[in-house]
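Me: Please take a close look at a single part of this structure, namely one loop of one chain and the helices on either side of it. I would like a connected account that then sets this part in the context of the rest of the model.

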Amino acid sequence: MATDAAHDAHEHHHYTTTGLDHKKIAIWAFIGSECMLFMSLISTYLIYKGKSVVGPWPHEFWCKATNTAAATAEALAGCPADQIYKPILNIPVTSASTFVLLMSSLAMVLALAAVEMKDQPLPAGAGLGDRMLRSSKLWLWMTAILGATFLGFQAYEFTSFVHEGLTIKTNLFGSSFFTLTGFHGAHVTAGVIWLLTLLAIDYKRGLGPKDALKVDIAALYWHFVDVVWIAIFTLIYLIQ
Amino acid sequence: MATTAAHAAPVASEENTGLWSWLSTVDHKRIGILYLYTALFFLVVGGLEATVMRTQLMKPNLTVVTAEQFNQLFTMHGTTMVFLVIMPLSAAFFNFLIPLQIGARDVAFPRLNAFSYWVYLFGGLFITLPILGWIAPNGGWFGYAPLTTRAYAPGLNIDFWVLGLQILGISSLAAAFNFITTIINMRAPGMTLMRMPMFTWMSFVVQFLVILAFPVITIALVFLQFDRFFGTQFYEIAAGADPLLWQHLFWVFGHPEVYILILPAFGLVSEVLPNFSKKPLFGYNVMVYSGIMIGFLGFGVWAHHMFAVGMGAVADTLFSLTTMLIAIPTGVKIFNWIFTMWGGQIRFASPMKFAIGLIAMFTIGGISGVMHSSPPSDLQQTDTYFVVAHFHYVLFGGAIMGIFSGIYFYFPKMTGRLMDEGLGTLHFWLNFIGLNLTFFPMHFSGMLGMPRRIYTYDAGQGWELFNMMSTMGTYLLVVSTLVFFYNFFKSRVSGQVAGNDPWEAPTLEWSIPSPPPDYNFAQIPVVTSRYPLWDLKHPEKTAGVDHSSASIEEVTGAHAVPMHEETERRTAKELGLPMPFPTIKPLFTALFMVLMIGGMVLKTLTPLSVFVATLITLAALMVGSLYAWLTSPLE
């Protein structure tokens with residue numbers, strides 16, 4: 001079983017113990033490590049939930065003058081109108097951005113499928129839909145644009161929070177919220193850059209089945225970042 | 001070793017010398033050697049810091065250094081020894097040995113490996129150099145927040161520490177992904193998990209500890225960095241922050257870190273002990289399982305560092321129990337090593353002396369560790385010299401002894417020459433006596449109430465004799481280290497020529513020339529047992545012992561080329577083996593990354609615009625180097 005004989009002049013098919021490519025194993029180890037990173041961030045957010053000594057708060061109305069919080073604005077009777085801060089988290093808008101990110105994962109799946117199928121002939125009578133499913137460029141663009149849209153939502157969210165009086169310095173909620181979601185946003189940004197790099201390769205020489213692994217690994221990362229957002233959306237936004 | 005005379009003296013081939021070849025190397029063996037030299041350099045730095053401290057504490061009320069300088073010295077001594085000495089010395093062995101032990105030609109990602117090393121070197125310099133101007137980190141190697149927040153530590157000192165540790169974490173993480181992939185995916189045919197040498201097994205466990213523990217301190221450090229630079233409130237008690245948040249996050253990392261430091265040394269002595277007892281390792285399977293068990297339990301004992309903060313009876317009891325529990329797999333290892341030696345034909349060569357030294361010294365440290373696992377006892381010992389004695393027995397008596405054992409054992413494989421036995425014996429005894437003279441009296445000074453981290457003390461408290469003994473022991477350790485370095489550099493040039501297998505050892509790395517050719521194995525071996533070389537050359541040593549052996553037919557399903565002992569040197573080109581190209585790009589990526597992260601110290605020194613412009617420029621250079629690296633072909 002001498003492996004030097006297995007070397008082809010064109011393709012370096014290294015012998016691997018598991019038969020999987022090295023990069024596939026490395027990305028899973030990386031994702032395991034990233035789980036601990038986000039677990040630390042999410043745990044800190046949850047530990048600090050309700051510990052801020054001043055508002056604004058994620059789910060409660062807050063009267064700045066008396067520094068009291070309540071479930072409704074009416075419960076803050078006697079508070080001057082300009083001193084009332086509404087709950088910061090905007091669940092409808094974030095639901096929309098979550099939907100966008102989920103759809104980006106779908107586009108990513110289709111991008112990988114398109115790359116894998118690139119060499120197969122189109123079936124007889126193939127329509128526009130079939131041709132679209134073969135277009136890796138379309139789905140990579142779609143994924144990147146949806147990811148960028150999610151980032152746009154996040155930029156809007158951050159800006160509006162700052163206008164409503166919550167910055168990273170305001171209280172424990174602000175510090176832990178912006179750091180956690182900011183880290184996630186940075187991961188999405190890295191993912192978008194990764195996707196644009198794949199697109200650059202696609203335009204330069206075309207991505208085909210032999211590149212499926214490249215796209216597969218980017219996809220694993222992308223889905224992971226998406227799954228982390230599901231955890232953040234549930235734990236931070238939905239659970240009061 | 002009559003056979004060694006037949007071997008020619010090792011010579012470096014023309015293309016493998018010169019500064020450039022080292023800067024651009026992607027060969028795991030050369031990177032391992034770079035790690036070794038760099039870590040030995042930092043060992044001298046950390047040792048000198050300790051020597052200055054011990055000189056200051058030799059007698060009451062000395063004024064060798066000021067209180068502030070003393071703070072910097074103990075902080076940098078701890079940080080250096082943990083992150084810049086023991087971990088990288090282990091990394092030197094991971095790099096050099098893992099591919100050789102599993103029958104691979106390199107690691108999975110050779111250029112990432114180079115990147116890890118350069119990040120370590122630049123990060124190590126970044127965190128070490130400030131001490132030359134006495135602006136080094138001064139908050140202890142554990143850097144407890146809120147003490148390390150800007151309000152209580154306004155200078156640059158802690159900035160260097162926070163950013164330096166972030167940099168070093170990246171190096172360790174990158175290396176860990178690399179070694180996990182290498183061990184899972186690059187084992188030679190027949191090298192099943194349960195046939196892997198014990199060093200590779202323990203390294204495998206350590207890499208998982210690294211990838212799961214380091215992200216936690218990364219986040220703790222990010223919080224501290226944001227608090228210090230951007231005004232967040234993670235550790236701001238007045239804002240409602242939990243004063244224990246840092247301690248929990250730090251020790252969730254910090255305790256696995258202890259096993260990150262010790263398990264590689266355990267692995268090394270598990271190679272040395274069977275070899276010099278001429279017997280297979282006793283209870284191989286149990287050794288593997290206990291290593292994994294230590295890894296798991298290592299994540300469940302962190303709060304035993306925090307008994308004194310008053311977590312309450314439930315938490316104290318729980319962490320006390322898990323801590324006692326973790327002594328079991330560790331004790332299993334000690335007994336297995338003893339049973340390995342039992343009835344063997346023991347040869348007391350230098351590696352063996354240090355390996356037995358580890359067993360004895362680690363056991364002392366382990367027993368005082370079990371004493372700490374009981375909260376009432378621990379409360380008496382917290383923050384006294386008793387704790388200092390405990391962890392130095394574990395880390396110096398354990399990790400460093402094990403690493404010295406490994407250096408003596410693998411020096412011939414790295415250089416082609418044996419280290420001098422006489423000097424090795426002298427080094428061992430000076431080291432052994434110096435270590436005990438330094439650290440054993442600390443049990444007593446600690447029990448008499450001498451606190452850690454004080455820069456001086458008054459006479460009349462019963463501490464004078466013990467401190468004098470500790471200081472004298474330290475000087476002895478300085479002498480023993482000089483003997484080691486003399487031996488190291490002398491033997492490198494004029495040591496006895498080793499040949500492939502000077503120790504008649506059982507594992508794959510000894511089947512190839514010393515130093516190994518850049519491709520390691522001219523032909524990838526087929527592995528049929530845990531002790532392939534003994535099966536081949538000394539079947540009597542493994543007779544009657546289950547060592548997971550099989551015939552080649554069982555491994556490959558066909559007749560294959562048998563284990564091949566290669567003595568003649570041919571280049572990779574002559575053999576038609578593709579080798580990764582040397583490249584400088586990982587070095588530049590590492591350099592710009594370290595400058596970018598380290599550049600954040602400018603935050604308090606320059607206007608915001610300069611700060612932002614500098615970071616963006618360095619980030620662009622880093623990304624540019626990274627793309628240049630990723631777009632160039634590997635081989």
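Reply: Trp134(B) sits in the loop that runs between α4 and α5 of chain B. In this predicted model, Trp134(B) has a positive phi of about 50° although it is not a glycine. Most residues other than glycine have a negative phi, and most peptide bonds are trans. The second half of that general statement also bears on this loop. Pro146(B) is likewise placed in the loop between α4 and α5 of chain B, and the peptide bond that joins Ala145(B) to Pro146(B) is cis, with omega about 10°. The loop between α4 and α5 of chain B thus holds Trp134(B), with its positive phi, and Pro146(B), with a cis bond before it.

The helices that flank this loop take part in a contact between domains. Chain B is divided into domain 1, covering 28-580, and domain 2, covering 588-635. Their C-alpha centres lie 31 Å apart. In the contact between them, 23 residues of domain 1 of chain B meet 17 residues of domain 2 of chain B. About 1,800 Å² is buried between domain 1 and domain 2 of chain B, and carbon and sulfur atoms give 81% of that area. On the domain 1 side, α4 (110-128), α5 (157-185) and α6 (198-230) of chain B each supply at least two of the residues that touch domain 2 of chain B. Of the elements on this side, α4(B) gives the most, with nine residues. Sorted by class, the side of domain 1 of chain B that touches domain 2 of chain B has 17 nonpolar, three polar and three charged residues. As for specific polar interactions, the rule finds zero salt bridges across the interface of the two domains of chain B. Three residue pairs are in polar contact across this interface, both partners being at pLDDT 80 or more.

The contact between the two chains can be described in the same terms. Here 43 residues of chain A are in contact with 44 residues of chain B. The area buried between chain A and chain B is about 3,500 Å², with 67% given by carbon and sulfur atoms. The count of salt bridges between chain A and chain B is zero, while 12 residue pairs are found in polar contact across this interface, both at pLDDT 80 or more. On the chain A side, the elements that give two or more residues are α1 (22-47) and α5 (172-205) of chain A. The largest share of the side of chain A that touches chain B comes from α1(A), which supplies 14 residues. By class, that side of chain A has 18 nonpolar, 20 polar and five charged residues.

Chain A also has a cis peptide bond, from Gly55(A) to Pro56(A), with omega near -5°. Pro56(A) is placed in the loop between α1 and β1 (61-63) of chain A; α1(A) is the helix that gives 14 residues to the side of chain A touching chain B.

Salt bridges are found elsewhere in the model, with 12 over all chains. Side chains of opposite charge can pair when their charged atoms come close. One of the salt bridges is formed by Glu164(A) and Lys86(A), whose closest N and O atoms are 3.6 Å apart. This pair links distant parts of the chain, 78 residues apart: Glu164(A) lies in the loop between α4 (136-163) and α5 of chain A, and Lys86(A) lies in the loop between β3 (84-85) and α2 (91-117) of chain A.

The confidence scores complete the account. The mean pLDDT of chain B is 93, and 95% of the residues of chain B reach 70 or more. In chain B, residues 1-6 have a pLDDT below 50, and this stretch has six contacts in the model beyond near neighbours in sequence. Chain A averages a pLDDT of 90, with 94% of its residues scoring at least 70. Residues 1-12 of chain A have a pLDDT below 50, and beyond near neighbours in sequence this stretch has 17 contacts in the model. The model as a whole scores ipTM 0.93 and pTM 0.94.

How values were computed
Residues numbered from 1 in each chain as written. Chains lettered and ligands numbered in written order. Heavy atoms only, no water. Domains from an automatic or database assignment. Contact = heavy atoms within 4.5 Å. Buried area = accessible area lost by both parts, 1.4 Å probe. Salt bridge = Lys/Arg side-chain N within 4 Å of Asp/Glu carboxyl O. Polar contact = N/O pair within 3.5 Å; in protein donor to acceptor, adjacent residues only side chain to side chain. Helix = DSSP H or I, 4+ residues; strand = E, 2+ residues; numbered from the N terminus. Nonpolar A, V, L, I, M, F, W, Y, C, P; charged D, E, K, R; others polar. pLDDT = per-residue confidence, 0-100.
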